[in-house]
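This report introduces a structure to a reader who has not met it before. It treats cavities, salt bridges, cysteines and one helix in turn.

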Amino acid sequence: MVARLVIAAPSSGAGKTTVATGLMAAFAGRGLAVSPHKVGPDYIDPGYHALATGRPGRNLDAYMCGTGLIAPLFEHGARGCDLAVVEGVMGLYDGAADQGELASTAQVSKLLRAPVVLVVDASSQSRSVAALVHGFASWDPEVRIGGVILNKVATDRHEHLLREALGESGVPVLGVLRRAPAVATPSRHLGLVPVAERQAAAVAAVAAQAEQVRAGCDLEALLALARSAPALPSEPWVPEVAGGPHAGGSGVPAPRIAVAGGAAFTFSYAEHAELLTAAGAEVVTFDPLRDEGLPEGTSGLVIGGGFPEMYGAELSANEPLRKAVAGLAASGAPIAAECAGLLYLARSLDGRPMCGVLDADARMSERLTLGYRDAVAVSDSVLAPAGARMRGHEFHRTVIDPGAGAQPAWGLRQPVRRVEGFVQGGVHASYVHTHWAGAPEVAARFVERCAGGPVA
């Protein structure tokens with residue numbers, strides 16, 4: 001059994017990431033093995049979690065993976081750890097639109113049988129904080145709110161008023177944090193700036209968050225609360241079991257699959273590489289900002305999400321790699337591209353030449369596209385047969401013209417019915433992010449298609 005806490009808030013912007021990351025770093029600094037987790041599809045916060053703990057940040061998404069996998073995926077990530085800290089998403093009871101509690105922090109806390117610590121932005125209230133906490137604590141009797149951390153407290157007098165009010169609520173105060181500019185993390189059009197883009201500054205920010213938490217929180221009480229969580233009845237998720245038989249077995253050489261990384265392509269789920277490896281592939285990471293060629297012997301390519309729009313000039317200037325990617329695509333090799341990967345395969349991004357694999361042009365937009373998606377495969381591809389259903393997520397401020405090729409990747413049902421993405425030879429490119437733990441046959445199929453041997 002792993003001790004565990006869920007860090008939640010009444011709404012976005014209360015300071016969940018600061019508190020969760022600070023707690024992770026503070027407990028890791030005590031010598032505990034801390035397992036970091038994030039509710040929902042967010043890719044950026046787990047980067048800070050990984051920096052704080054030295055372990056991969058992992059997502060727990062009940063919409064994309066299903067409720068039955070939340071506890072097994074948690075136990076897989078937390079195996080061998082002393083403590084797990086789970087950062088929530090949005091407000092405690094906010095989840096997938098029009099789906100009740102599905103994918104909410106509250107639902108995940110119940111699936112994990114984990115106590116919740118509520119982070120409250122107290123900057124504009126005093127006695128009203130008690131009514132707020134009471135409402136959240138009593139809304140769902142199955143959600144156990146074990147304490148509150150008051151954030152952005154102004155003065156000693158302010159703290160006294162807040163503590164006095166909460167003394168009548170029955171929910172203990174486990175921490176009080178003052179306003180501290182040093183712990184702030186800069187944001188831009190899709191949220192926080194990823195760790196990979198500000199490594200030194202991110203290290204300093206996480207250290208400041210850990211110090212703030214050590215000074216303002218009762219770590220012993222928080223650890224005792226985490227250890228009060230009961231055992232989970234589920235078995236850990238195992239990628240070798242989930243992914244099926246190894247494609248690399250029976251004397252067939254393991255296909256080498258190149259996965260884009262670096263500052264421009266930071267969005268990935270740890271389980272994807274684990275499933276590819278379990279299916280028999282050799283996974284090799286490369287950086288399109290630095291490497292002028294694909295890894296030797298590449299049989300397939302995975303280009304996930306990230307911020308190519310921030311590095312358009314550098315990606316465009318790396319002409320040798322762009323040509324190598326185009327050549328790999330022309331050979332028919334399997335290529336899976338999501339969001340940033342889609343933009344990189346386009347003819348151009350904001351007027352700058354990209355790989356030219358797709359007869360389409362991409363550009364930045366003022367409009368944010370955000371939300372879960374129910375998808376059905378329109379065309380047979382290296383990822384899925386036509387008719388296969390998957391759940392995914394869109395999150396971007398770019399557009400691509402046209403939005404779909406002659407053979408679209410997905411048909412989407414919400415918010416409006418449409419087709420999107422491109423299936424072209426061995427290429428599957430789409431804006432939709434998917435979580436392969438929820439559909440491990442995707443990884444197995446991709447590796448099988450790559451297993452014919454090197455083509456680059």
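## Internal cavities

A cavity is a set of grid points where a 1.4 Å probe fits but cannot get out, and its volume is the space filled by probe spheres set on those points. The structure described here is a predicted model. In this model, two cavities of 30 Å³ or more are counted. The second largest cavity has a volume of about 30 Å³.

The lining of the second largest cavity consists of Ala337, Glu338, Leu383, Trp410, His428, Ser430, Val432 and Thr434. Strands β13 (335-338) and β21 (427-430) each contribute at least two residues to this lining. By character, the lining residues of the second largest cavity comprise four nonpolar, three polar and one charged.

## Salt bridges between separate parts of the chain

The structure contains 21 salt bridges. One of them joins the side chains of Glu282 and Arg256, with an N to O distance of 2.8 Å. Because Glu282 belongs to strand β11 (residues 282-286) and Arg256 to strand β10 (residues 256-260), the pair ties together parts that are 26 residues apart in sequence. Glu282 is partly exposed, at 35% relative accessibility, and Arg256 is also partly exposed, with a relative accessible area of 23%.

Another salt bridge links Arg413 with Asp374, where the closest N and O atoms are 3.3 Å apart. Arg413 is found in the loop between β18 (410-412) and β19 (418-420), while Asp374 lies in strand β16 (residues 361-377), so this pair ties together parts that are 39 residues apart in sequence. The two partners fall into separate accessibility classes: Arg413 counts as partly exposed at 45% relative accessibility, whereas Asp374 counts as buried at 14%, because buried means under 20%.

## A salt-bridge network

Asp156, Glu159, Arg163 and Arg178 are joined into one network by salt bridges that share partners. Within this network, the side chains of Arg163 and Glu159 meet at 2.9 Å, N to O. Both Arg163 and Glu159 lie in helix α7 (residues 156-166), where they are four residues apart, about one turn of the helix. Arg163 has a relative accessibility of 38% and therefore counts as partly exposed.

## Cysteines

How many disulfides does the structure contain? The count comes to zero. A disulfide requires two cysteine sulfur atoms within 2.5 Å. For Cys450, the closest cysteine sulfur is that of Cys355, and the distance of 17 Å is too far for a bond.

Are Cys450 and Cys217 buried or exposed? Cys450 counts as buried because its relative accessibility is 2%. Cys217 likewise counts as buried, at 9% relative accessibility.

## The buried face of helix α9

Helix α9 spans residues 219-227, and its buried residues are Leu219, Leu222, Leu223, Leu225 and Ala226. Viewed down the axis of α9, these buried residues fall within an arc of 160°, so they line one face of the helix.

Notes
Residues numbered from 1 in each chain as written. Predicted model: local features only at pLDDT ≥ 70, side-chain atom pairs only at ≥ 80, totals over all residues. Heavy atoms only, no water. Salt bridge = Lys/Arg side-chain N within 4 Å of Asp/Glu carboxyl O. Buried < 20%, exposed > 50% of the residue type's maximum accessible area, 1.4 Å probe, protein only. 1 Å grid on protein atoms, 1.4 Å probe; cavity = no way out; pocket = protein on both sides within 12 Å on 5 of 7 lines; lining within 4 Å. Nonpolar A, V, L, I, M, F, W, Y, C, P; charged D, E, K, R; others polar. Arc of directions from axis to C-beta.
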